[in-house]
Amino acid sequence: MAQQAYMTETDNGGSGPERPGSRLRRLTHRLVTGWRGDPRIWRRGIVLAVLALLLALVMLVHSRIPNRLGNLGSLTETFLPWLGLAIPVLLVLGLLRRSATALIAVLLPAIVWLNLFGGLVFDKADGGGDLMVATHNVNADNPDPAATAQDVASSGADLLALEELPAPAVPVYEKALAATYKYHAVVGTVGLWSKYPMTGVEAVDIKLGWQRAMHATVTTPEGPVAVYVAHLPSVRVKVEAGFTARQRDKSADALGEAIADETLRRVVVLGDLNGTMNDRALNAVTSQLRSTQGAAGSGFGFSWPASFPMARIDQILVKGVQPESSWTLPRTDSDHLPIAARVKLDTSA
């Protein structure tokens with residue numbers, strides 16, 4: 001009896017074992033014949049089609065979503081790539097509903113998403129570069145600052161920026177990084193460690209009332225580079241106020257003004273900007289520079305939260321240099337992932 005459960009009629013009327021794939025062919029045949037001649041395939045799934053069109057519209061005109069109501073526009077732009085997850089859901093629902101209208105409509109958000117983020121899916125790293133930089137929000141409550149410092153130093157970065165440095169922990173970071181970096185400077189809660197000489201170290205006023213941004217000129221073998229380290233104010237999502245980011249936006253504008261006044265041709269910005277490259281609130285900064293992840297990274301490079309990265313709010317931005325590669329580093333005891341990039345300073349060739 002058990003053997004008969006695996007037998008099926010053959011073309012000659014006999015019985016034989018069911019060939020692998022025959023069940024799949026039968027299911028496919030039923031699906032195709034079920035759609036064929038069904039006049040309702042164009043009338044079903046209208047709601048799904050409308051949802052697909054709305055999804056495409058949100059992604060297409062995200063920059064027009066107003067910020068007046070709880071900074072809804074910036075909130076949408078922060079997590080914009082994740083809207084793509086709705087596309088396969090709509091696709092499956094369209095198949096289940098056997099709706100040609102819904103399936104055709106789903107093509108539109110798929111095309112828009114690929115136009116916005118398709119380039120991030122592929123590995124654009126070149127592997128070259130003559131300067132490696134890294135940045136890490138180490139978390140003020142980091143339980144093991146020394147281990148975190150050693151972890152990021154082991155990446156081999158020539159320049160290392162750290163943010164959210166509490167005053168009591170600064171000596172710990174300085175001691176842990178002393179063997180790797182000959183030069184360093186700490187301004188407020190941010191610091192820069194370098195294998196090359198640094199001059200012109202100064203605070204950058206980002207309108208906070210305390211120091212969370214700095215500037216230094218690093219003299220590399222290829223010439224001077226202006227380096228900015230910044231930690232913009234945090235944003236919060238509140239039920240009564242939405243996506244609160246007014247202070248972050250004000251600080252971003254101030255940082256953008258400082259960068260615009262920079263006299264050196266080569267500029268590198270490292271830090272936790274508490275916003276993504278899609279967030280219009282950072283335009284004062286992002287409009288002047290290129291993201292190393294966008295230009296030469298592999299994947300989205302999400303850095304926060306470290307337990308399940310959903311957004312790249314830690315940034316490496318450059319001007320006057322060529323990004324060669326960009327990636328996230330292994331997790332430390334922080335709630336952010338460290339990120340790194342290699343850039344080519346000599347762009348004369």
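The following dialogue explains how selected features of this predicted model are read.

Q: Which conventions apply to the numbering and to the atoms used?
A: Residues are numbered from 1 along each chain as its sequence is written, and side-chain values use heavy atoms, with hydrogens and water left out. Because the model is predicted, local features need pLDDT of at least 70 and side-chain atom pairs count only at pLDDT 80 or more, whereas totals for chains, interfaces and linings use all residues.

Q: How is a salt bridge defined, and how many are counted?
A: A salt bridge is a side-chain nitrogen of Lys or Arg within 4 Å of a carboxyl oxygen of Asp or Glu. By this rule the count comes to four salt bridges. One of them joins Arg-280 and Glu-77, with the closest N and O atoms 3.2 Å apart. Arg-280 lies in the loop between β12 (267-272) and α9 (283-286) and Glu-77 in helix α3 (residues 72-78), so this pair ties together parts that are 203 residues apart in sequence. Helices (H or I, at least four residues) and strands (E, at least two) are DSSP runs, numbered from the N terminus.

Q: Are Arg-280 and Glu-77 buried or exposed?
A: Buried means under 20% relative accessible area, exposed over 50%, and partly exposed in between (1.4 Å probe, protein chains only). Arg-280 is partly exposed because its relative accessible area is 21%, while Glu-77 is buried because its value is 1%.

Q: Which residues form a network of salt bridges?
A: The side chains of Arg-248 and Asp-249 meet at 2.7 Å, N to O, and those of Arg-248 and Asp-279 meet at 3.0 Å, N to O. The latter pair links distant parts of the chain, with Arg-248 in helix α8 (residues 246-260) and Asp-279 in the loop between β12 and α9, 31 residues apart. Salt bridges that share partners thus join Arg-248, Asp-249 and Asp-279 into one network. Arg-248 and Asp-249 are buried, and Asp-279 is buried as well.

Q: Which contacts does the side chain of Arg-312 make, given that Arg-312 has no salt bridge?
A: A polar contact is a pair of N or O atoms within 3.5 Å; within protein, one must be able to donate a hydrogen and the other to accept it, and residues adjacent in sequence count only if both atoms are side-chain atoms. Arg-312, in the loop between α10 and β14, is buried, and the nearest side chain of opposite charge, Asp-314, is 7.7 Å away. For such assignments, Lys and Arg count as positive and Asp and Glu as negative; His and the chain ends are not counted. The side chain of Arg-312 has a polar contact of 3.4 Å with the side chain of Gln-293 and reaches the backbone oxygen of Gly-301 at 2.8 Å.

Q: Where does Asn-137 lie, and which side chain does the side chain of Asn-137 contact?
A: Asn-137 belongs to strand β3 (residues 131-137) and is buried because its relative accessibility is 0%. Its side chain makes a polar contact of 3.3 Å with that of Glu-164. Glu-164 sits in the loop between β4 (159-163) and α7 (170-177) and is partly exposed, at 23% relative accessibility.

Q: Which backbone features deserve attention at Glu-164, Lys-207 and Pro-305?
A: Glu-164 has a positive phi of about 65° although it is not a glycine. Lys-207, also not a glycine, has a positive phi of about 60°; Lys-207 lies in the loop between β7 (198-203) and β8 (213-220). A cis peptide bond, with omega about -15°, joins Trp-304 and Pro-305, and Pro-305 is placed in the loop between α10 (292-296) and β14 (314-319).

Q: How are surface patches read, and which residues make them?
A: Patches are made of residues with over 30% relative accessible area and no salt bridge: like charges are joined within 9 Å, and nonpolar side chains (Val, Leu, Ile, Met, Phe, Trp, Tyr) within 5 Å. The place of a charge is taken as NZ of Lys, CZ of Arg, CG of Asp or CD of Glu, and accessible areas come from the Shrake-Rupley method with a 1.4 Å probe, where for residues only the protein chains shown count as cover. Arg-40, Arg-43, Arg-97 and Arg-98 gather in a patch of positive charge. Arg-40 lies in the loop between α1 (22-35) and α2 (46-60). A nonpolar patch of about 710 Å² includes Ile-46, Val-47 and Val-50; Ile-46 lies in helix α2 and is partly exposed, at 44% relative accessibility.
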